[in-house]
Amino acid sequence: MSNPAPRPRILVANDDGIFSPGIKALAQAMSTFADVIVSAPDVEQSAVGHGITIRRPLRFKHTASAGFGDIPAYRVDGTPADCVVLGVHLTGQPDLVVSGINLGPNLGDDLTHSGTVAAAIEGLSLGVPAIAFSQQATPAGEYDFAPGAAYAARLAQEVLTRGLPPRTLLNVNFPALPPRGVRVTRVGEHRWEDRLVTRHDPEGREYHWVAGTSTAPDAHDPDTDYGAVEAGLISVTPVRIDLTARDLLTELAGYVPQL
């Protein structure tokens with residue numbers, strides 16, 4: 001009798017912290033078909049982008065109190081990208097990195113500052129296929145992660161079987177209510193128009209809050225990530241990490257000053 005195929009290894013990270021219900025739902029869904037290790041921040045690290053800690057040591061501590069049961073879970077006193085670096089180097093190369101499920105969507109320009117997406121990007125930089133998962137909240141601020149986690153497990157198995165192109169991740173967003181379908185989308189124009197709220201402390205010293213208004217010019221285009229989620233669909237967006245403006249290379253070479 002032949003031996004059964006080994007189970008794939010999946011590293012699970014996030015930016016909401018190791019005690020977030022979203023990462024617990026994601027890890028448990030992945031554990032139904034894979035050997036899972038969780039490596040997540042010890043505190044919330046939302047919107048930190050792809051920061052890496054280089055000026056102080058990091059700690060990687062097993063955390064049974066996080067409630068993952070038999071799934072090994074480690075908390076890191078660093079960024080989401082730090083969690084992936086330590087998780088890969090200290091526990092071995094996984095077959096897949098998954099990040100999330102984030103409390104709140106990551107759409108449009110949010111990708112540039114999202115810690116959830118940054119953990120997936122760090123997986124790519126280490127040569128591991130990666131998927132980022134995020135979920136919209138209901139108007140009451142509540143989340144039901146069960147439908148999204150179940151879909152995440154199905155998508156992860158497809159990626160493990162088929163692979164992804166180099167330097168390409170999937171950014172997946174779930175609607176607040178049970179999804180009505182799935183759409184492959186492009187990154188939309190959703191962004192935050194920043195503004196400052198200036199106030200004074202009891203001693204009269206000035207301080208500032210960075211606030212903003214969410215805008216999405218293409219909100220009604222179901223082919224965008226934002227439009228699909230607003231329509232009650234799961235949005236699956238292939239994101240390529242290639243910052244070169246290739247369409248400008250020839251033109252730019254024609255006028256940049258030469259030495």
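## Starting with a hidden ring

Let's begin with F174: its relative accessibility is 2%, so F174 counts as buried. Keep in mind that this is a predicted model.

F174 has a partner, F133, and that residue is buried too, with a relative accessible area of 0%. The ring centres of F133 and F174 sit 6.0 Å apart and their planes are at 0 degrees, so this pair is stacked. The pair ties together distant parts of the chain, since F133 belongs to strand 6, F174 belongs to strand 7, and 41 residues separate them.

## Other aromatic rings

How many aromatic pairs turn up in a search of the whole structure? There are four. One stacked pair is Y143 with F145, at 5.3 Å centre to centre and with 5 degrees between the planes. Those two partners sit in unlike surroundings: Y143 is partly exposed at 29% relative accessible area, while F145 counts as buried at 8% relative accessibility.

Back at F133 and F174, Y151 joins in, and the three make one aromatic cluster.

## Inside the core

Now zoom out to the largest nonpolar core, which has 36 residues. M30, V38 and F133 are the ones with the most contacts inside it. Several elements each supply at least two residues of this core, among them helix 1 (21–30), strand 6 (130–135), helix 4 (146–162) and strand 7 (168–174). Helix 4 is the top contributor, with seven residues. There's also a second, separate core of 17 residues, including A13, V97, L111 and A120.

Take a look at M30, which lies in helix 1. Its relative accessibility is 0%, so M30 counts as buried. Setting aside neighbours within four places in sequence, M30 is in contact with I10, V36, V98, F133, A152, A153 and A156. A153 is 123 residues away from M30 in sequence, yet their C-alpha atoms are 5.5 Å apart in space. F133 has its own set of contacts beyond four places in sequence, including L26, M30, V98, A152, L155 and F174.

## The largest pocket

So much for the packed parts; what about open space? Rolling a probe the size of a water molecule over the atoms shows where empty space is left. The largest pocket holds about 250 Å³ of space.

Which residues lie nearest the centre of this pocket? They are S46, A47, N102, P105 and N106, out of 16 that line it. By class, the lining has four nonpolar, eight polar and four charged residues. Strand 5 and helix 3 (115–125) each supply at least two of the lining residues.

Notes. Residues are numbered from 1 along each chain as its sequence is written. This is a predicted model: local features need pLDDT of at least 70, side-chain atom pairs count only at pLDDT 80 or more; totals for chains, interfaces and linings use all residues. Side-chain values use heavy atoms; hydrogens and water are left out. A nonpolar core is a set of buried Ala, Val, Leu, Ile, Met, Phe, Trp, Tyr and Cys residues joined through side-chain atoms within 4.5 Å. Buried means under 20% relative accessible area, exposed over 50%, partly exposed in between (1.4 Å probe, protein chains only). Helices (H or I, at least four residues) and strands (E, at least two) are DSSP runs, numbered from the N terminus. Contact means heavy atoms within 4.5 Å. On a 1 Å grid over the protein atoms alone, a cavity is a set of points where a 1.4 Å probe fits but cannot get out, and a pocket is an open set with protein on both sides within 12 Å along at least five of seven lines; lining residues have an atom within 4 Å of a point. Grid points are joined across faces, edges and corners, and a volume is the space filled by probe spheres set on the points. Ala, Val, Leu, Ile, Met, Phe, Trp, Tyr, Cys and Pro count as nonpolar, Asp, Glu, Lys and Arg as charged, and the others, Gly among them, as polar. Rings of Phe, Tyr and Trp (its six-membered ring) pair if their centres lie within 6.5 Å; planes under 30 degrees apart count as stacked, over 60 as edge-to-face and the rest as tilted.
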